[in-house]
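Let's look at a protein chain together and ask how each label earns its place. Keep the picture open as you read.

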Amino acid sequence: MGDLADQPCIICVAITGSLPTKENNPAVPISVAEQIESTQEAFEAGATIVHCHVRDDQGKPTSDPDRFAQLKHGLEQHCPGMIIQLSTGGRSGAGQARGGMLPLAPDMASLAVGSNNFPTRVYENTPDLVDWLASEMRTYDVKPQIEAFDLSHILQAAIMFKDGRIKDRPYVQFVMGVKNAMPADRDVFDYYVHTVKRLFGEDVPWCAAGIGASQIRLNEWAISSGGHCRTGLEDNVRIDRDTLAPSNAALVRCAADICRKFDRPVATWQQARQILGLRMPATA
Ligand SMILES: [Zn+2]
């Protein structure tokens, strides 16, 4: 695996998501202005990827490209260099509406390549929709982040890479701790890591996210295993069992503390872009 001290860790902050509300935690940023402020604070705390959903004026999830455009523009102004990743997840819209923001050409977008259960519904990603989202990402030169809710999603990403539907080596994020999908299981996690290395090379970057109470556990597993990590209020609104997280930045600081514990430097945005093979922005 090599020396962890030589492997900067990319911290991704998932600021809003589709589900959390102010009632769950008043620190969840809902308006674009709140999102920009929360991201800037998280960026200063060490996050170098921001994973974005947008909400409408009622606070409901939407895929409105105009809303995404406002957010992207604000983030470029206030967090120069930070990697902007827009969600094409299925809680914010249906069908091709999920990819309506891809012409904005963000650095990255999430891409689910298969279906699975969610807590109260099926997370449906039909083959034709997956292919369409992947083709839009190729058209607009958007790097996909493969959201692996299941082992089969990693193998599907390998097939799509081999036949050219995914342009570069897939950057896979394991998502664990989703109710009715994959729990935070250490043996499965280790097998996920083994599988991405077998399919994409020993040095391939990968990431892991844990939902709810498993967020910090997955941060520890990923950081200590040479992977990259995700945190933020989208996945978890608590800083410990009894306390609401005061901000996205507070969760980022937790992840940065875990990096220190395992002697891993937190990646700068320049390092993060280099690790992921992303262009350097003209303005930063
Ligand atoms: Zn998301």
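**Asking how we know**

Q: Which residue stands opposite Val-13 in S2?
A: Val-13 has Val-50 opposite it in S2. This is a predicted model, so every value here is computed from predicted atoms.

Q: What makes S1 and S2 a pair?
A: Two strands pair if at least two bridges are found between them. Strand S1 (residues 11-14) and S2 have three bridges and run parallel, so they satisfy that rule.

Q: How do you know that both faces of strand S2 are covered?
A: Look at the residues on each side of S2 (residues 49-52): Ile-49 and His-51 are on one side, Val-50 and Cys-52 on the other, and all are buried. The general idea behind this is that side chains in a regular strand alternate between the two faces of the sheet.

Q: Which residues show what happens on the two sides of strand S6?
A: In S6 (residues 108-111), Met-108 and Ser-110 are on one side, with Ala-109 and Leu-111 on the other. All four are buried, and both faces are covered.

Q: What are the pairings of S6 with strands S5 and S9?
A: With S5 (residues 83-86), S6 pairs in the parallel sense over two bridges, and Gln-85 stands opposite Met-108. With S9 (residues 143-148), S6 pairs over four bridges, again in the parallel sense. Here Leu-111 has Ile-146 in S9 as its bridge partner. Both counts satisfy the rule of at least two bridges.

Q: How many bridges join strand S10 to strand S11?
A: Five bridges join S10 (residues 171-176) to S11 (residues 206-210), and the two run parallel. Val-172 has Trp-206 in S11 as its bridge partner.

Q: In what order do the strands close into a barrel?
A: Eight strands close up in the order S1-S2-S5-S6-S9-S10-S11-S12, with parallel pairing. On average, neighbouring strands of this sheet are turned by 25° against each other, direction ignored.

Q: Which strands do helices H3 and H4 lie across?
A: H3 (residues 127-139) lies across S6 and S9 and runs at about 170° to S6. H4 lies across S9 and S10, at about 150° to S9. Angles over 145 degrees count as roughly antiparallel, so H3 is roughly antiparallel to S6 and H4 is roughly antiparallel to S9.

Q: Why is H4 called roughly parallel to H5?
A: The axes of H4 (residues 151-162) and H5 (residues 186-200) come within 11 Å and cross at roughly 10°. Angles under 35 degrees count as roughly parallel, which makes H4 roughly parallel to H5. Leu-151, Ile-154 and Ala-158 in H4 meet Tyr-192, Thr-195, Val-196 and Leu-199 in H5. By class, this contact has six nonpolar residues, one polar and no charged ones.

Q: Why does Met-160 count as buried or exposed?
A: Met-160 is found in helix H4. The cut-off for buried is 20 or more other C-beta atoms within 10 Å. Met-160 has 20 such neighbours, so it counts as buried. Leaving aside neighbours within four places in sequence, its contacts are Val-113, Ala-134, Arg-165 and Ile-166.

Q: What is special about phi in Asn-180 and Asp-263?
A: Asn-180 has a positive phi of about 75° although it is not a glycine. Asp-263, also a residue other than glycine, has a positive phi near 60°. Asn-180 is in the loop between S10 and H5, and Asp-263 is in the loop between helix H7 (248-261) and helix H8 (269-276).

Q: Why is Asn-180 called partly exposed?
A: A residue is exposed at 12 or fewer neighbours and buried at 20 or more. Asn-180 has 13 C-beta neighbours inside 10 Å, so it counts as partly exposed. Asp-263 is partly exposed too, with 13 other C-beta atoms within 10 Å.

Q: How do you know whether the protein chain is as compact as a globular protein of its length?
A: The chain has eight helices and 14 strands. Its radius of gyration is 17 Å, close to the 19 Å that the globule rule gives for 284 residues, so the chain is as compact as a globular protein of that length. Of those 284 residues, 50% count as buried.

How values were computed:
Residues are numbered from 1 along each chain as its sequence is written. This is a predicted model: local features need pLDDT of at least 70, side-chain atom pairs count only at pLDDT 80 or more; totals for chains, interfaces and linings use all residues. Axes are lines fitted to C-alpha atoms, for helices over the stretch in contact, and angles run from 0 to 180 degrees between N-to-C directions. Angles under 35 degrees count as roughly parallel, over 145 as roughly antiparallel, 65 to 115 as roughly perpendicular and the rest as oblique. Two residues are in contact if their C-beta atoms, placed from the backbone, lie within 7 Å. Ala, Val, Leu, Ile, Met, Phe, Trp, Tyr, Cys and Pro count as nonpolar, Asp, Glu, Lys and Arg as charged, and the others, Gly among them, as polar. The radius of gyration is taken over C-alpha atoms; the globule rule is 2.2 Å times the number of residues to the power 0.38.
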